[in-house]
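Here are some notes to keep beside you while you look at this one for the first time. Have the viewer open and click along as you read.

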Amino acid sequence: MSIEVNNESGVDADLEAIERLIRHILQTLRVHPEAEVSVILLDEQGIERLHVDWMDLDGPTDVMSFPMDELRPGTPGALSPAGMLGDLVICPQVAARQAESGGHSTADEILLLATHGTLHLLGFDHEEPEEKEEMFSLQRTLLEEFTGRKAPRETTE
């Protein structure tokens, strides 16, 4: 798997933990080992520009997902096809505010956002109540498997 993580936010973050987490998620969900994903940690001004340009929404946000080849999780008998999963953009400054209100660390919030965004890249959504339950349950399970402790609650803005 090709997982590239870059920090352009000006905030220290554990890039290796983000990479290991995404690798864990992709392996658990049987994504082809030749799949590619890119993660960028971006400051508030940068993510706000993306938020306006792509979603037509003002203000910075916590995480944005840009799927490419519309890869989906594999099945017990078959991996997903190889391809470009897409790009994740995470804003550590927004994550820090959410972590404070959620009562957990910024590092935990960034891992939560990386999990959330990766699931979006794989086609999961939370528009409908049943979709939300499926996605958030899987998100909690994946985070708890990776960290070995209870996952923080969802605190997206």
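What follows is a set of numbered points on the cavity, a pocket, the annotated histidines and a few single residues.

1. First, a word on what you are looking at: this is a predicted model. Please read each point below with that in mind.

2. Let's begin inside. How many cavities of 30 Å³ or more does a search of the whole structure find? The count is 1, and the volume of this largest cavity comes to about 40 Å³. Two elements give two or more residues to its lining, namely helix 4 (106-121) and helix 5 (129-147). Helix 4 gives the most, with 3 residues.

3. If you want to select the cavity lining, pick Asp 108, Leu 111, Leu 112, Leu 143, Thr 147, Arg 149, Lys 150, Ala 151 and Pro 152. By residue type, that lining splits into 5 nonpolar, 1 polar and 3 charged.

4. Take Asp 108 from that lining. Is Asp 108 buried or exposed? Its relative accessible area is 14%, and the cut-off for buried is under 20%, so Asp 108 counts as buried. This residue sits in helix 4. Setting aside residues up to four places away in sequence, Asp 108 touches Arg 149 and Pro 152, and both of these partners also line the cavity.

5. Stay in helix 4 for a moment and find Thr 115. Its relative accessibility is 0%, so Thr 115 is buried. Beyond its neighbours within four places in sequence, Thr 115 is in contact with Leu 21, Ile 25, Gln 139, Leu 142 and Leu 143. You have met Leu 143 already, as part of the cavity lining.

6. Now for the record. Which residues does the UniProt annotation "binding site" cover? They are His 116, His 120 and His 126, and do note that the entry is unreviewed. Of these residues, His 120 and His 126 are included in the lining of the second largest pocket.

7. His 120 is in helix 4. With a relative accessible area of 21%, His 120 falls between the 20% and 50% cut-offs and is therefore partly exposed. Leaving out neighbours within four places in sequence, its contacts are Ser 65, Asp 125, His 126 and Met 135.

8. His 126 belongs to the loop between helix 4 and helix 5. Its relative accessibility is 27%, so His 126 is partly exposed too. Apart from residues up to four places away in sequence, His 126 touches His 116, His 120, Glu 131, Lys 132, Met 135 and Phe 136. The other two annotated histidines are therefore among its contacts. With His 116 there is also a side-chain polar contact of 3.2 Å.

9. Back to that second largest pocket, which holds about 170 Å³ of space. Its lining is made up of Pro 67, Glu 70, Arg 72, His 120, Leu 121, Gly 123, Phe 124, Asp 125, His 126 and Glu 127. These divide into 3 nonpolar, 3 polar and 4 charged residues.

10. One of the pocket residues worth a click is Pro 67, found in strand 3. Pro 67 is partly exposed, at 43% relative accessibility. In sequence, Pro 67 and Asp 87 are 20 residues apart, but in space their C-alpha atoms are 6.4 Å apart. Not counting neighbours within four places in sequence, Pro 67 is in contact with Leu 85, Gly 86 and Leu 121. Leu 121 is another member of the pocket lining.

11. Last, a look at the backbone. Most residues other than glycine have a negative phi. Glu 70, which also lines the pocket, has a positive phi near 50°. Glu 70 lies in the loop between strand 3 and strand 4 (84-90), and its relative accessible area of 59% makes it exposed.

12. Asp 56 also has a positive phi, in this case near 60°. Where is Asp 56? Look in the loop between helix 2 (44-55) and strand 3 (63-67). Its relative accessibility is 66%, and the cut-off for exposed is over 50%, so Asp 56 counts as exposed.

Definitions and conventions:
Residues are numbered from 1 along each chain as its sequence is written. This is a predicted model: local features need pLDDT of at least 70, side-chain atom pairs count only at pLDDT 80 or more; totals for chains, interfaces and linings use all residues. Side-chain values use heavy atoms; hydrogens and water are left out. On a 1 Å grid over the protein atoms alone, a cavity is a set of points where a 1.4 Å probe fits but cannot get out, and a pocket is an open set with protein on both sides within 12 Å along at least five of seven lines; lining residues have an atom within 4 Å of a point. Grid points are joined across faces, edges and corners, and a volume is the space filled by probe spheres set on the points. Helices (H or I, at least four residues) and strands (E, at least two) are DSSP runs, numbered from the N terminus. Ala, Val, Leu, Ile, Met, Phe, Trp, Tyr, Cys and Pro count as nonpolar, Asp, Glu, Lys and Arg as charged, and the others, Gly among them, as polar. UniProt positions are given in the numbering used here, feature names are shortened, and annotations may be inferred rather than shown by experiment. Buried means under 20% relative accessible area, exposed over 50%, partly exposed in between (1.4 Å probe, protein chains only). Contact means heavy atoms within 4.5 Å. A polar contact is a pair of N or O atoms within 3.5 Å; within protein, one must be able to donate a hydrogen and the other to accept it, and residues adjacent in sequence count only if both atoms are side-chain atoms.
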